[in-house]
Amino acid sequence: MVEDVTHIHREYGDDRLPPGQRKTDRFPVLSKSGTPSVDPDDAGLDVYGAVDEPLDYSLSEFKALPSVTQRQDFHCVTGWSKFDCEFTGVVFDELVERAGVHDDADHVLFHAHDGYTTNLPLSECRHEGVLLAYGFDGDPLPADHGGPLRVVTPHKYAYKGAKWVSGVEFLTDKELGYWEKRGYSDTANPWNEERYS
């Protein structure tokens, strides 16, 4: 069953397409430095920081966790949006529950195999639609779109969803990620056009 979360935009405005965006049926490929070569044997996920139980999953172990398939929209900060993407993966809250996140943790820093990082408040990570995705439109997530594992954040610009994600670090103090340190918005709300700080 596919869960439809394309209604998320109603929290922010009447229009599904955020201002300044153009709808595309293509799925352009953008990254800071090209597609890294990720060995599937090293493609697991570490969950650590302000938690009771640090987690260390192999990719196969991660895929064995309870999963969902969601239809959601994808908004790139460069001005395009792709509607009705079907991502399969693990909801973020599954990690929160399994790791026993400390009460004083309020931010998350995502780490990727290519050195990329991005940050979000913990509350935003727990928003409907935030997945650690390994499937796209019924197939394994392609490498150029962040496979074998990426984060998707349909209520934010897509740079908040790390491709090739390798780690989820729970923090008690905010730490800015790669693009946020370089002038991109820390909040990244597409309906407010929060592209740059």
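The paragraphs below follow charged residues through this structure, which is a predicted model.

A good place to begin is the surface, where a negative patch is formed by Asp52, Glu53, Asp103, Asp104, Asp106 and Asp173. One of these residues, Asp52, is found in the loop between strand 3 (45–49) and strand 4 (55–57). Asp52 has a relative accessibility of 58%, and because a residue counts as exposed when this value is over 50%, Asp52 belongs to the exposed group.

A charged residue with other surroundings is Arg195, which lies in the segment after strand 12 (165–171). Its relative accessible area is 12%, and since buried means under 20%, Arg195 is buried. What does the side chain of Arg195 make a polar contact with? One partner is the side chain of Gln21, at 3.0 Å, and in addition a polar atom of the Arg195 side chain lies 3.4 Å from the backbone oxygen of Pro19.

We can turn next to the salt bridges, of which a search of the whole structure finds 11. In one of them, Lys156 is paired with Glu124, and the closest N and O atoms are 3.6 Å apart. Lys156 lies in the loop between strand 11 (150–152) and strand 12, whereas Glu124 lies in helix 3 (residues 122–125), so this pair ties together parts that are 32 residues apart in sequence. As for the two partners themselves, Lys156 is buried, with a relative accessible area of 7%, while Glu124, at 22% relative accessibility, counts as partly exposed.

Another salt bridge is the one in which the side chains of Glu180 and Lys160 meet, with a distance of 2.8 Å from N to O. This pair links distant parts of the chain, 20 residues apart, since Glu180 is in the segment after strand 12 and Lys160 is in the loop between strand 11 and strand 12. Both Glu180 and Lys160 are buried.

A further salt bridge joins Asp186 and Lys174, whose closest N and O atoms are 2.8 Å apart. Here both residues are in the segment after strand 12, and they stand 12 residues apart. Asp186 counts as partly exposed at 22% relative accessibility, and Lys174 is also partly exposed, with a relative accessible area of 47%. Which residues are joined into one network by salt bridges that share partners? They are Lys160, Lys174, Glu180 and Asp186, and this network therefore brings together the buried residues Glu180 and Lys160 with the partly exposed Asp186 and Lys174.

Note on methods:
Residues numbered from 1 in each chain as written. Predicted model: local features only at pLDDT ≥ 70, side-chain atom pairs only at ≥ 80, totals over all residues. Heavy atoms only, no water. Patch = residues over 30% accessible without salt bridge, like charges linked within 9 Å, V, L, I, M, F, W, Y side chains within 5 Å. Areas by Shrake-Rupley, 256 points an atom, 1.4 Å probe, with all protein chains shown as cover. Salt bridge = Lys/Arg side-chain N within 4 Å of Asp/Glu carboxyl O. Lys, Arg positive; Asp, Glu negative; His and termini not counted. Charge placed at Lys NZ, Arg CZ, Asp CG, Glu CD. Helix = DSSP H or I, 4+ residues; strand = E, 2+ residues; numbered from the N terminus. Buried < 20%, exposed > 50% of the residue type's maximum accessible area, 1.4 Å probe, protein only. Polar contact = N/O pair within 3.5 Å; in protein donor to acceptor, adjacent residues only side chain to side chain.
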